[in-house]
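Me: I want to test the labels on this structure one by one. For each, tell me what earns it.

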Amino acid sequence: MFKQLKVWLVLTTILSLLALGASCSKSGTNDAGPETPSATAKTFAPKGDEGTVTGVIAYNGAPPAPKKIDTSADPACGTANPNLSTEDTAVKDGKLANVFVYIKDGSTADGTKVADYTFAVPGDAVNLDQKGCHYVPHVIGVQTNQKVKITNSDPTQHNVHPTPKSNPEWNQTQANGAAPIEKTFARAEVLIPVKCNQHPWMKSYVGVLKHPFFAVSAEDGTFTIKGVPAGTYTVAAWHEKGGANGTEKTIEVTVPAKGAGKADFAFGEAATASNGSGLQMMPALDIPMIGRH
Ligand SMILES: [Cu+2]
């Protein structure tokens, strides 16, 4: 009697695992449902000996000169920001700003893959402002389900329009003086372009990750990803120029406990030989496996 029950249990377990595997064969679909953690998911808890990934983004060769933007379609923009110019390649002293740097893959020191952890969602929203008829900052990062708070500081109307591939697309008018728009993205996606239907030159990018291990390079090209557990990681740096979906480069980095892993990248014309790869936009750390969607 007990033996029969045991056999039956084993059989049903195998069958349900097979069913799970079959339903998980998707990759790169536009399925916008929330991501469910794997059966083996561990909640990430800092141990107190976390380190950093830090580096500088260099730009090799002569950067393209910023172009002045014709804002005559909306006089309010010309008044607010008469010298508005393109921001796609922000280079200062050979260093590149607005590069999204993040942990793409890898494992912590105990061998657990980053993708197998679940992470608490920060309560603080990340701000994206429209000021002087451009987005400030130009590139931001958020965790999945963390709020993005979009504000309009201009004396004119904007229309916020993210164009994701894995999350639902939306667009929303935001008049001058209107309340902030608060949104979340349920799926990891590096990166989501955001445009404005009122002002065709306006562009920003939102990197969405399941974990907090990301940073955006500053004006001097430096970045620091904080709170990184000891481990060995693939660190990726993404810049919007290159192919239609930008350019991504990766480096393997080991972070010692309480230490710093170094990840220096180079973009620009002379940098193509060093592990450069034009990359398609894909959900970060969205590795298909049994029991995980
Ligand atoms: Cu606008």
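The turns below take the labels in order, from the whole chain to single residues.

Me: What kind of model is this, and how many helices and strands does the chain hold?
Reply: The model is predicted. The protein chain has two helices and 22 strands. Buried residues make up 44% of its 293 residues. Of the contacts with a separation of 6 or more, 67% join residues 24 or more positions apart.

Me: Which atoms coordinate the copper ion?
Reply: His158 gives ND1, Cys196 gives SG, His199 gives ND1 and Met202 gives SD. They lie at 2.0 to 2.5 Å. The cut-off for a donor is 2.8 Å, so these four atoms count as donors. Along the chain they follow the spacing H-x37-C-x2-H-x2-M.

Me: Why is the arrangement around the copper ion called tetrahedral?
Reply: The four donor atoms subtend angles of 97 to 133°. Four donors count as tetrahedral if all angles lie between 85 and 135 degrees. The angles fall in that range, so the arrangement is tetrahedral.

Me: Are the donors Cys196 and Met202 buried or exposed?
Reply: Cys196 is buried, and so is Met202.

Me: How do you know whether Thr89 is buried or exposed?
Reply: Its relative accessible area is 9%. Buried means under 20%, so Thr89 is buried. Thr89 sits in the loop between helix H2 (75-80) and strand S3 (91-92). Leaving out residues up to four places away in sequence, Thr89 touches Tyr59, Pro64, Leu96, His239 and Lys241.

Me: What makes Asp93 exposed?
Reply: Asp93 has a relative accessible area of 72%. The label needs a value over 50%, so Asp93 is exposed. Asp93 lies in the loop between S3 and strand S4 (95-96). Its phi is positive, about 50°, although Asp93 is not a glycine.

Me: Which label does Cys133 get, buried or exposed, and why?
Reply: The relative accessible area of Cys133 is 1%. That is under 20%, so Cys133 is buried. Cys133 also has a positive phi, near 60°, in a residue other than glycine. Its place is in the loop between strand S7 (126-130) and S8.

Me: Why are S8 and S13 described as standing at the edges of their sheet?
Reply: The sheet is open, with four strands in the order S8-S7-S10-S13 and mixed pairing. Strand S8 (135-136) and strand S13 (181-183) each have a single partner strand, so one side of each is left without a neighbour in the sheet.

Me: How do you know that S10 and S13 pair?
Reply: Three bridges join strand S10 (residues 148-152) and S13 in the antiparallel sense. Pairing takes at least two bridges, so the two strands qualify. Ile150 stands opposite Ile181 in S13.

Me: Which strands pair with S2, and in which sense?
Reply: S2 and strand S17 (residues 222-228) are antiparallel, with five bridges. Thr54 stands opposite Thr224 in S17. S2 runs parallel to strand S20 (residues 260-262), with three bridges. There, Thr52 stands opposite Ala260. S2 is also parallel to strand S21 (residues 265-268), over four bridges. Ala58 stands opposite Ala266 in S21.

Me: What makes the side chains of S2 alternate?
Reply: In strand S2 (residues 51-60), Gly51, Val53, Gly55, Ile57 and Tyr59 point to one face and are buried. Thr52, Thr54, Val56, Ala58 and Asn60 point to the other face and are not buried.

Me: How do you know that Lys183 lies over the face of Trp170?
Reply: Lys183 is 4.5 Å from the ring centre of Trp170. The distance limit is 6 Å, and the pair is inside that limit. The charged end of Lys249 sits over the ring of Phe267, 5.3 Å from its centre.

Me: Which residues form a cluster of ring pairs?
Reply: Phe44, Tyr117, Phe119 and Phe213 are linked into a cluster. The whole structure has eight aromatic pairs.

Me: Where are the cis peptide bonds that involve Pro137 and Leu191?
Reply: One runs from Val136 to Pro137, with omega near -5°. Pro137 is in the loop between S8 and strand S9 (139-143). Another runs from Val190 to Leu191, with omega near -15°. Leu191 is in strand S14 (residues 189-196).

Key: Residues are numbered from 1 along each chain as its sequence is written. This is a predicted model: local features need pLDDT of at least 70, side-chain atom pairs count only at pLDDT 80 or more; totals for chains, interfaces and linings use all residues. Side-chain values use heavy atoms; hydrogens and water are left out. Buried means under 20% relative accessible area, exposed over 50%, partly exposed in between (1.4 Å probe, protein chains only). Contact means heavy atoms within 4.5 Å. Rings of Phe, Tyr and Trp (its six-membered ring) pair if their centres lie within 6.5 Å; planes under 30 degrees apart count as stacked, over 60 as edge-to-face and the rest as tilted. A charge sits over a ring if NZ of Lys or CZ of Arg is within 6 Å of the ring centre and within 35 degrees of the ring normal. Donors are N, O and S atoms within 2.8 Å of the metal (3.2 Å for Na, K and Ca); water is not among the atoms, so sites may look incomplete. Four donors count as tetrahedral if all angles lie between 85 and 135 degrees; four count as square planar and six as octahedral if opposite donors are over 155 degrees apart and all others between 65 and 115; anything else is irregular.
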